[in-house]
Amino acid sequence: MPARSIEQIRNLCKRRGFVFPGSAAYGGLGSFWDYGPLGTELLNNVKRAWWRDVVYKRDDVEGLDAAILMSRKVWQHSGHEGTFQDPLVHSKKTGKPYRLDKLLSEQQQPVVAKLFQAVVMQPSNDSRWQDFARVLTYVTPEEAKDDEYALAQAIAREQSGSYQIDPSNRDAYVNAVIRLLNKSALQPECVAFGVTVDAIAKYLVRGSSQNLLTSAGVVERGDTGQTANAADWTEARRFNLMFVSHTGPVEAAAGTAEELASRVYLRPETAQGIFMNFAHVQRSLARKIPFGIAQVGKAFRNEITPGNFIFRTREFEQMEIEFFIKPPQFVREGEKTDVQWHDEWIKQRYEWWLGLGVDGQRLRQREQAADELAHYSKRTVDLEYLFPEFGWGEVEGIANRTDYDLSAHSRDVPEADLKRLKLEPNSDSVEKFDYFDPDAKARYIPWVIEPSAGATRAMLAFLCEAYHEELTKEPPQAEVEAIKAETPAVIKNAQKKQKDAEKESDPSKRKRDPAAIAAFCTALEEAATRLPQSLLEINALLEDHPGAQNLEPVKKLLPKVGKLAEDCTRVVLRLHPTLAPIKLAVFPLKANKAEIVDIAKRIKHQFQGFFRTVYDDSAGIGRLYRRQDEIGTPWCITVDFQTLEDNTVTVRERDSMQQQRLPMDQLKDYFLTRLHM
Ligand code: GAP
C-alpha cells in the first residue's frame, strides 16, 4: 500500500535528506522548501525523465531556458496582471487568510446552500448576475417546465444584452432560477461543491460579502482540521498571485508611474517565456509547424493557502511544452486537427506517468468544467493523482490554448480575431508571431497545445506512490499478542488525558488538544486490529503524538514495538530506477578488511561517472540494506570473503530482496542495461 499520509512523506524527506523547511534557523518561511542531497537527485531525475521523453525521444520538440524576470508588458498582455487572481477573505477573529472558493467547498452543504440562496435572492440589476446565468447551462430543458425555463433563460439573455427584464417582475425570474436549481439532478453538487461555489466566490468579490458569509455561518477551519466557530469575515477581494519586484534602483511609491515603469513579476508560469521565443526558435532552427518548445524552470505564485508539503508552494518548478499546430482552417485532409493533437498529448502524458511506476488506479484524467477553464483555454484535461489524506490533486494540465497567447503578444492582429479571442489590440509589441506555411502558402498565427506539469508536485506524487511499509519476516505470534494486549491501556490512559484537557473551558489555555488525543486513540485502536502489518504505523503513532511518550503504558509498550519493527519490518521506496536518487550502494562485509574495502571502493568508482553511487561501511549489512531501501536505491552490492577467491559479489535487488552472485566483470553490463544506458 502506498503512503497513508503526507506526514509520513514529510518525515522521511526530513530524516533522509530529501526536503528541508526553508529558512529554518529563523523559524521557516511559509511554504518554501529546500531540496537536500537526495531530493535534488530525485527532482533532477524527474526533470531528466521528462526531458528525455518529450525532447530527446521526439523529432518535433526543441528545448529552451528563458529568463525568470520578463517585461511587465508580457504579463499585461498575457492577461495575468488583470486576471491571475484568487478570491481572498480574512477571518477577523484569527487574522488568517482564506481562498474563498476553497473555504466554501469545505463547508457543510446546508451552509453553502444557504449562502447560495441568499446570493440568488439579492435583488440585483448589475453584471454580477452573469455568474448565475451561467449556472443555467447546467439545467436541461427536460428538467424544467417550459415557462420556468423561459423565465430563467431570459436572465441569461439579459446578460448578453439581447433582452431587458421588466424590473418589477425580477422576483418571478429569480424564483424560476431557484426552482430550476432545486429540481435539477445536479442540484446537490451544483449548490454545495460544484460550479456554483466558484460562481458564489466570484460574485462575492464583486459585491458585499461580509454580512452574507457571516450570516450564512461560514466557519473557519481549525489547525487540526476540526471546524472552529463561525467567524466574522472581512470583505472578499481579488488577490493577484504574482510576486512583484523591480529592476534597477527604484524608491517610488507603489502604483506611481516610476514604480510601474520598473516593475517586473517573477513568472507565475514558464509558458510565457516560450511564447516570447516562438519566432526565435522557429526561425533559427528553420522549424516547420507542427513543432514544440519544451522548458523546465522555476515559477512563483504568492498562493493564499499553500500547503500539503510540496504540493502547493509559492516557489516551484514546472515542466511545460507549447506545441504549435495549424489553426483548424488550415488543416488538410489526413493532417491532425487541434482536437486530435490535444487527445494525443493527453494520452502520451498519461502514459508517461504510468511508465514511471504510477498505478492507473491512482491516476485519472479529469475534464475541466466550462467555468474552471483559464481565460486562454478552449479545453483542458487535468491529470490527477490520488494523494493520501487530501485525495485527488492535479499534477499536470493539458490545455488547448488556441492562438490566444501568440495573438495576445502580436501587433496587427485582424479585428475579427481580436473579437473572437476577446483581446484588445496590442500596440506595445513590435512582433507579429505568425508563420508562413509553405504548404498552404499563407501566413497564420499558430494554435498551441500545452502539456504543463509540476516537477516538484510530480516528485511528491512519485514519493507517495513509492512509499511502502512492509514485513520482512513474520514476527513471533506471542510478541504480537503482547502488543495487542497492551494497546487498550494506552488508549485508556490517553482518554483520561483527553478528559483532563476538556475540563479547561478556555481552549487557548489547554496544554493538550482534546481533539488530537481523540484522533490518536482512534488511529491506535484501528491500527491494532491490523497487527502485525501495522507495526511501523503504531511505532510512529507512539513516537510522534505529542506527549504520548510521557504516558506510563507507552513507556512500556514503545520499546517492544520498536524492537519488533526493527527486526521484522522495513520502509521501502519502490521508486522506478530511473527516478531513484541513488542507483547503487556498495558495501564491504568487513569494514576493517583492507582488500574487501579496496574492491568495494573500486566498484563504486567504476560507476560514479554514470550515475549516483555510494559506498557505506557504517553499520552491519542488514541495517545498510534497510537504509538504502528507505531511500529507494534499487541495487546494493556486497563485497565479501568469497569475492577475494572468485571475483564475484552479491547483488541485492530492492523490491524482491533477492540476492544473486555476479562476476565483477559483468557488473557494468548488468547495471547499464537495466538503466537503459
Ligand atoms: N502554463 C499553464 C499552467 O501554469 P497550471 O495548471 O496553473 O497551468 C501547471 O500549472 C502545473 O504546475 C500544475 O498541474 C501543477 O503540477 C503545477 N503547479 C501549479 N501551481 C503550483 C504550486 N503552487 N505549487 C506546486 N506546483 C504547482
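What covers the buried residues of α20? I shall come to that after a word on the model.

This is a predicted model, in which local features need pLDDT of at least 70 and side-chain atom pairs count only at pLDDT 80 or more, while totals for chains, interfaces and linings use all residues. Residues are numbered from 1 along each chain as its sequence is written, and side-chain values use heavy atoms, with hydrogens and water left out.

Helix α20 spans residues 477–503; helices here are DSSP runs of H or I, at least four residues, numbered from the N terminus. From first C-alpha to last, its 27 residues reach 41 Å, close to the 39 Å expected at 1.5 Å a residue, that is, 1.5 Å times one less than the number of residues. At Glu486 the helix bends by about 25°, and Pro488 follows within four residues. The bend is the angle between axes fitted to the seven residues ending there and the seven starting there.

The buried residues of α20 (under 20% relative accessible area, 1.4 Å probe, protein chains only) include Val480, Ile483, Glu486 and Ala494. To return to the opening question, their cover includes α21 (514–528), α22 (535–544) and α23 (552–568), where contact means heavy atoms within 4.5 Å.

Let me turn to the cysteines. The count of disulfides, meaning pairs of cysteine sulfur atoms within 2.5 Å, comes to 0. Cys464 is in no disulfide, and the nearest cysteine sulfur, that of Cys13, is 8.8 Å away. Cys464 counts as buried because its relative accessibility is 0%; Cys521 counts as buried because its value is 4%.

How values were computed. Helices (H or I, at least four residues) and strands (E, at least two) are DSSP runs, numbered from the N terminus. Buried means under 20% relative accessible area, exposed over 50%, partly exposed in between (1.4 Å probe, protein chains only).
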